Amino acid sequence: MKYQFHRRAITLTLALVASSAAFASHVPPGPTVVNYLGTLPIDANATGSINSSGQDGYDFYCIGLTAGRTVTLGASSANGLFPNLILLSSIAAPGATYSTISASNVSEADNSSAASVNLAFTPTISGNYTVVVSTFTGQSGTYQLGGSGFTPINGVCPAAVIPLPAAANVPVPASDPLTLGAMALLLAAIGAFVARKVRTR
């Protein structure tokens, strides 16, 4: 009975660790400096590249939205990325970090296993918004981003700032399948050790 209880507890712990890590893995950490790549064009795709080490794991774009008009955004990759989309109802000041605008998150499309992702949102307030394209650790490649229902806002996005030194870059939180597998093996080993102790009493 005690052995079964410990085994169930370990299984639940593994599930919670894996799910919580995967949920947060695509969100830029607070120190990430928001450098806008520009505004999204109408009737055309913006093309970007992501390397999930350091701050290259996140791209930022500006768009203008109108209250009551639904915006649809889509990101896709043909070479290995699992893109995620985050929509923020504010624009960052030059040199600001993600943590200064993260509270304005109004919509999010999480994606851990597909080559494309879509997001739809109907704002209640007109204004300038931020689109964040991200991916999971261990992934590198290019993507295309486009959509409808928004307005380009050239000249409003803050100018790019000098990137942080490489040593100061904060990596994407490690939650790729290999890392999660290592965590699972470690927790399983601990569980087996505890179970053996229980049986020998």
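**Four-stranded sheet.** I started with the antiparallel sheet of this predicted model. Its four strands run in the order 2-9-4-7, and the sheet is open. I then looked for its edges. Strand 2 (46-51) and strand 7 (116-121) hold those places; each has a single partner strand, so one side of each lacks a neighbour in the sheet. I checked the twist too: neighbouring strands here are turned by 20° against each other on average, direction ignored.

**Strands 4 and 7.** I followed one pairing in this sheet. Strand 4 covers residues 71-76 and pairs with strand 7 in the antiparallel sense, over six bridges. I picked out Val-71, whose bridge partner in strand 7 is Phe-121.

**Five-stranded sheet.** Next I traced the open sheet with the order 1-3-8-5-6. I noted mixed pairing among its five strands. Its edges are strand 1 (36-39) and strand 6 (105-109); each has a single partner strand, so one side of each is left without a neighbour in the sheet. For the turn between neighbouring strands I find 20° on average, with direction ignored.

**Strands 1 and 3.** I looked up how strand 1 meets strand 3 (residues 58-65). They pair in the parallel sense, over two bridges. I find Thr-39 opposite Cys-62 of strand 3.

**Confidence.** I closed with pLDDT. The chain mean is 74, and 63% of the residues reach 70 or more. I marked two stretches where pLDDT stays under 50. One is residues 9-24, with 15 contacts in the model beyond four places in sequence. The other is residues 162-183, with 38 such contacts.

How values were computed: Residues are numbered from 1 along each chain as its sequence is written. This is a predicted model: local features need pLDDT of at least 70, side-chain atom pairs count only at pLDDT 80 or more; totals for chains, interfaces and linings use all residues. Side-chain values use heavy atoms; hydrogens and water are left out. Two strands pair if DSSP finds at least two bridges between them. Axes are lines fitted to C-alpha atoms, for helices over the stretch in contact, and angles run from 0 to 180 degrees between N-to-C directions. pLDDT is the predictor's confidence in each residue, from 0 to 100. Contact means heavy atoms within 4.5 Å.
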